[in-house]
Amino acid sequence: MTNARNCQQVKNVFCIKVKKCCMSCAFKDFTRHINKRQCTALDKLVAHTHVCPKWAMSQQQRMAGFAKGKVKRKEYLMYVLSVREEESLAQQRGLKIKIKSIETIREEFEEQCGSIYAIE
């Protein structure tokens, strides 16, 4: 396993440095674990700093630096965080709750506060 500070860096087509580890890999799949990712290439849980021979840069990392991106509002990001924290606390208390999809959270925010983007 590699320390996050010692991760090898590669550049995408827009010359943005990307750390070569599970966090930037196309094969990662998020889990509810804090420091683990589900690797779809290896079909097992790995550390977020793990680098495997099948590493491939994720679509998001490949597009970092592309001028057509949009910046999300801080209020929206904080709203998503609060929803996920509430869900996590409910699960820790043993309550069976339905986890909201990001699309549902986005719709709720847009109904209450408008666009999720800082500049349209």
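This is a short dialogue on reading a sheet, a cavity and one arginine in a predicted model.

Q: Let's start with the sheet. In what order do the strands lie?

A: Look at which strand sits beside which. Here three strands form an open sheet, ordered E3-E4-E5, and their pairing is antiparallel. The edge strands, E3 (28–30) and E5 (44–47), each pair on one side only. From one strand to the next, the twist averages 50°.

Q: How many bridges join strand E4 to E5?

A: Strand E4 (residues 36–39) is joined to E5 by four bridges. To see a partner residue by residue, try Cys39: its bridge partner in E5 is Lys44.

Q: Now the cavity. Which residues line the largest cavity?

A: Cys39 turns up again, since the lining includes Cys21, Cys22, Cys25, Cys39, Cys52, His50 and Trp55. This largest cavity has a volume of about 50 Å³, and the count of cavities of 30 Å³ or more comes to one. By residue type, the lining divides into nine nonpolar, one polar and one charged.

Q: Last, Arg84. Where is Arg84 found, and why is Arg84 called partly exposed?

A: Arg84 is found in helix H2, which covers residues 74–92. For exposure, compare the relative accessible area with the cut-offs: buried means under 20% and exposed over 50%. Arg84 has 23%, so it is partly exposed.

Q: What does the side chain of Arg84 make a polar contact with?

A: Its partner is the side chain of Glu87, at 2.8 Å. You can also compare sequence with space: Arg84 and Ile102 are 18 residues apart in sequence, and their C-alpha atoms are 10.0 Å apart.

Technical notes: Residues are numbered from 1 along each chain as its sequence is written. This is a predicted model: local features need pLDDT of at least 70, side-chain atom pairs count only at pLDDT 80 or more; totals for chains, interfaces and linings use all residues. Side-chain values use heavy atoms; hydrogens and water are left out. On a 1 Å grid over the protein atoms alone, a cavity is a set of points where a 1.4 Å probe fits but cannot get out, and a pocket is an open set with protein on both sides within 12 Å along at least five of seven lines; lining residues have an atom within 4 Å of a point. Grid points are joined across faces, edges and corners, and a volume is the space filled by probe spheres set on the points. Ala, Val, Leu, Ile, Met, Phe, Trp, Tyr, Cys and Pro count as nonpolar, Asp, Glu, Lys and Arg as charged, and the others, Gly among them, as polar. Helices (H or I, at least four residues) and strands (E, at least two) are DSSP runs, numbered from the N terminus. Buried means under 20% relative accessible area, exposed over 50%, partly exposed in between (1.4 Å probe, protein chains only). A polar contact is a pair of N or O atoms within 3.5 Å; within protein, one must be able to donate a hydrogen and the other to accept it, and residues adjacent in sequence count only if both atoms are side-chain atoms. Two strands pair if DSSP finds at least two bridges between them. Axes are lines fitted to C-alpha atoms, for helices over the stretch in contact, and angles run from 0 to 180 degrees between N-to-C directions.
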